[in-house]
2 protein chains.
Amino acid sequence: MITEKEFSKLHKDISTYIHRTPVLQSRLLNGLAETEVYFKCENFQKTGSFKMRGATSAMLALTAEEREKGVVTHSSGNFAQAVSLAAKSLGIPAYIVMPSSAPQVKKDAVKTYGGKITECDPNIKAREEAAEKIQKETGATFLHPSNDLNVIYGQGTAAKEFLAEFPELDIILAPVGGGGLLAGTALAVDFYGEDCTTIGVEPFKADDAYRSIKSGKIEFNETTNTIADGLKTHLGDKNFPVIKDKVAEVIRVEEDEIINAMKLLWERLKIVVEPSCAVPFAAVLREKENFRGNRLGIILSGGNVDVNNLPF
Amino acid sequence: MITEKEFSKLHKDISTYIHRTPVLQSRLLNGLAETEVYFKCENFQKTGSFKMRGATSAMLALTAEEREKGVVTHSSGNFAQAVSLAAKSLGIPAYIVMPSSAPQVKKDAVKTYGGKITECDPNIKAREEAAEKIQKETGATFLHPSNDLNVIYGQGTAAKEFLAEFPELDIILAPVGGGGLLAGTALAVDFYGEDCTTIGVEPFKADDAYRSIKSGKIEFNETTNTIADGLKTHLGDKNFPVIKDKVAEVIRVEEDEIINAMKLLWERLKIVVEPSCAVPFAAVLREKENFRGNRLGIILSGGNVDVNNLPF
């Protein structure tokens with residue numbers, strides 16, 4: 001596992017390629033939550049999500065030879081854009097496998113950032129096969145969006161910045177999908193929090209992390225029918241040990257609570273956030289009796305949403 | 001007219017009651033505009049618009065006796081909320097005349113901020129009569145949302161902050177409705193800009209300011225059928241002389257250009273802005289050949305929009 005000194009150096013190294021995102025507050029949302037809530041706006045991060053941190057961190061860890069051969073990933077979401085831009089910034093070729101069903105706007109974004117797209121059938125087997133084929137042909141390094149230590153460390157730098165600006169935070173909440181952001185956050189809280197704990201939040205309809213913590217082994221989602229499309233994935237062997245060790249609790253929220261929280265963030269913070277991003281604030285409103293008196297930090301994970309197709 | 005020293009003191013005095021709003025940038029929007037564009041986010045201002053600055057400034061200019069009797073205004077929009085909150089912060093009674101047709105969400109916002117609402121028929125005559133009646137009964141001071149020097153000075157503090165942070169700006173663009181923000185901006189640019197000019201922007205469908213500058217006298221809107229609902233009003237005798245003297249140009253934009261600019265700001269800056277707020281960026285895209293090579297500052301005026309009822 002990384003030391004604090006190495007983690008701090010990694011943060012410094014990626015800082016050239018990422019934004020130091022602002023923290024927002026709202027008197028009115030504090031009123032609704034009945035406590036002080038601070039929002040770390042990774043929706044303002046480059047490519048619109050925290051994934052830019054982990055993608056950059058993972059690529060900086062590559063050798064010169066590996067960089068020359070490039071990186072490959074399969075993603076229809078925020079990681080595809082993050083890998084494309086991080087690779088472009090570092091002069092590394094990026095091969096992105098995307099399901100043919102991915103929205104054109106997402107394909108266009110990847111192209112804009114310079115990623116080379118390979119389309120495949122929209123199922124996980126086809127995605128993995130296409131990525132493997134590219135790996136064999138090009139020698140590119142496969143980057144996993146969440147189950148990779150260097151990715152996890154990169155994602156953790158958001159919480160590091162958060163605590164540097166607001167060392168008084170009692171609890172930091174992050175959404176949990178694949179587990180990279182939550183594991184990285186818990187690591188950073190361990191390094192820099194003064195009596196601060198980390199809580200993960202996920203939809204009831206994709207509650208693998210909650211059940212994994214309960215059973216002590218990686219569980220898989222039984223349903224993934226949630227509006228929080230970034231949280232449908234499951235934990236991995238690299239991030240689960242960190243989560244098991246350092247995360248105090250995983251809270252689950254209902255779909256209507258996610259939509260309500262998302263709308264409040266739009267209306268009151270005047271910012272665009274995607275459904276997955278609203279999940280931790282939904283937990284704060286759902287369990288406000290338990291949070292009362294604590295200064296809460298929420299990592300707003302991303303803002304890549306189709307504004308023509310909103311759930312409210 | 002105010003001196004720079006008085007203006008600076010006024011800014012200091014209202015600073016306790018307002019946010020110093022952040023400035024955002026987007027690589028992608030710079031690419032579209034083919035120049036550097038800086039966005040001063042008054043949509044993040046208290047009550048969601050720059051109007052909080054002018055309302056506070058006007059109230060701080062009242063005598064102790066006037067403050068005790070309170071303030072009255074008629075508005076269905078951002079000024080109603082701003083007056084309500086500014087009055088609450090200063091312990092001043094606020095009487096707000098609102099048309100009965102105003103959306104419930106706006107009435108609720110005013111109530112939340114402590115404003116005392118009087119409903120009237122939805123026409124300007126009924127609004128003015130209701131406000132006059134309250135003035136007579138309570139002795140409250142009438143506050144005009146744009147044609148009041150202290151309001152104008154307050155609105156100008158956004159441009160003052162903007163130039164303090166980015167003294168290299170060549171042009172600052174602001175929307176023009178009643179003229180308070182544009183006049184205040186031009187004043188601040190005069191005080192603090194180094195070779196910086198001020199440009200106003202309005203819809204073709206409410207182009208009174210363009211025609212007023214052309215004719216040299218206050219003109220009125222022939223149509224107000226624009227999505228930019230904050231820009232339907234006309235200039236007044238307090239702000240027009242400042243605008244005539246200090247504003248380089250007024251640019252007009254089409255409705256579809258406003259909607260396109262608004263959508264780009266949502267998608268790329270990840271922020272919620274109202275249609276009136278997107279008008280200056282629409283002008284930048286419309287006339288990019290003329291702006292090329294200039295560092296542009298845009299005052300994003302507000303973010304109070306019904307997210308259930310978007311034009312895209």
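What rotation, and what shift along its axis, superposes chain A on chain B? In this predicted model, the answer is a rotation of 180° with 0.0 Å of shift, and the RMSD of the fit is 0.0 Å. That is the relation of a two-fold axis. Within chain A, Ile271(A) has the C-alpha nearest the axis, at 2.0 Å from it. The contact between the copies follows suit: 100% of the interface residues of chain A are also interface residues in chain B, so the two copies meet through the same surface.

On the annotation side, an unreviewed UniProt entry lists residues 14-302 of chain A as "domain: Tryptophan synthase beta chain-like PALP". Over that stretch the chain is 47% helix and 17% strand, and the C-alpha atoms at its two ends sit 18 Å apart.

Turning to the helices, H1(A) spans residues 4-14. Its buried residues are Phe7(A), Leu10(A), His11(A) and Ile14(A). Why do they end up on the same side of H1(A)? They cover an arc of only 100° around the axis, which puts them there together. The general rule behind such patterns is that an α-helix has 3.6 residues a turn, so residues three or four places apart point the same way. The other side of H1(A) carries the exposed lysines Lys5(A), Lys9(A) and Lys12(A). As for what lies over the buried residues of H1(A), the cover includes helices H3 (51-60), H8 (149-165) and H9 (180-192) of chain A.

Helix H2 of chain A, residues 27-33, holds Leu29(A), and Asn30(A) is found in H2 of chain A too. Leu29(A) has 0% relative accessibility and therefore counts as buried. Asn30(A) comes in at 16%, and because the cut-off for buried is under 20%, Asn30(A) counts as buried as well. Setting aside neighbours within four places in sequence, Leu29(A) is in contact with Phe39(A), Leu264(A), Leu265(A), Arg268(A), Leu269(A) and Phe281(A). One of these partners, Arg268(A), is 239 residues away from Leu29(A) in sequence, yet their C-alpha atoms are 7.2 Å apart in space. With the same neighbours left out, Asn30(A) is in contact with Gln25(A), Thr35(A), Glu36(A) and Val37(A). Asn30(A) also has a sequence-distant counterpart in Leu296(A): the pair is separated by 266 residues along the chain and by 9.9 Å from C-alpha to C-alpha.

The strands come next. Chain A has an open sheet of 4 strands in the order S5-S4-S3-S6, with parallel pairing. Strands S5 (116-120) and S6 (141-142) of chain A stand at the edges with a single partner strand each, so one side of each has no neighbour in the sheet. At the S6(A) edge, strand S3 (residues 71-74) of chain A pairs with S6(A) in the parallel sense over 2 bridges, and Val72(A) stands opposite Phe142(A). Helix H6 of chain A, residues 104-112, packs on this sheet and touches S4 (94-99) and S5 of chain A. The direction of H6(A) makes about 175° with that of S4(A).

Elsewhere in chain A, strand S8 (residues 197-203) runs parallel to S9(A), and 6 bridges join the two. Ile199(A) stands opposite Glu249(A) in S9(A). Strand S9(A), residues 247-253, has 5 of its 7 residues buried, so it is largely enclosed by the rest of the structure.

Over in chain B, strand S10 (residues 296-300) is mostly covered, with 5 of its 5 residues buried. Which residues of S10(B) lie on one side, and which on the other? Leu296(B), Ile298(B) and Leu300(B) are on one side, Gly297(B) and Ile299(B) are on the other, and all are buried, leaving both faces covered. Two parallel partners can be described for S10(B). Strand S2 of chain B, residues 37-41, is joined to S10(B) by 5 bridges, with Val37(B) standing opposite Leu296(B). Strand S7 of chain B, residues 171-175, pairs with S10(B) over 3 bridges, also in the parallel sense. In that pairing, Leu173(B) has Ile298(B) as its bridge partner.

Terms used
Residues are numbered from 1 along each chain as its sequence is written. Chains are lettered from A and ligands numbered from 1 in the order in which they are written. This is a predicted model: local features need pLDDT of at least 70, side-chain atom pairs count only at pLDDT 80 or more; totals for chains, interfaces and linings use all residues. Side-chain values use heavy atoms; hydrogens and water are left out. Buried means under 20% relative accessible area, exposed over 50%, partly exposed in between (1.4 Å probe, protein chains only). Two strands pair if DSSP finds at least two bridges between them. The arc is that of the directions from the helix axis to the C-beta atoms. Contact means heavy atoms within 4.5 Å. Axes are lines fitted to C-alpha atoms, for helices over the stretch in contact, and angles run from 0 to 180 degrees between N-to-C directions. Copies are superposed by least squares on the C-alpha atoms of residues with pLDDT of at least 70 in both. UniProt positions are given in the numbering used here, feature names are shortened, and annotations may be inferred rather than shown by experiment.
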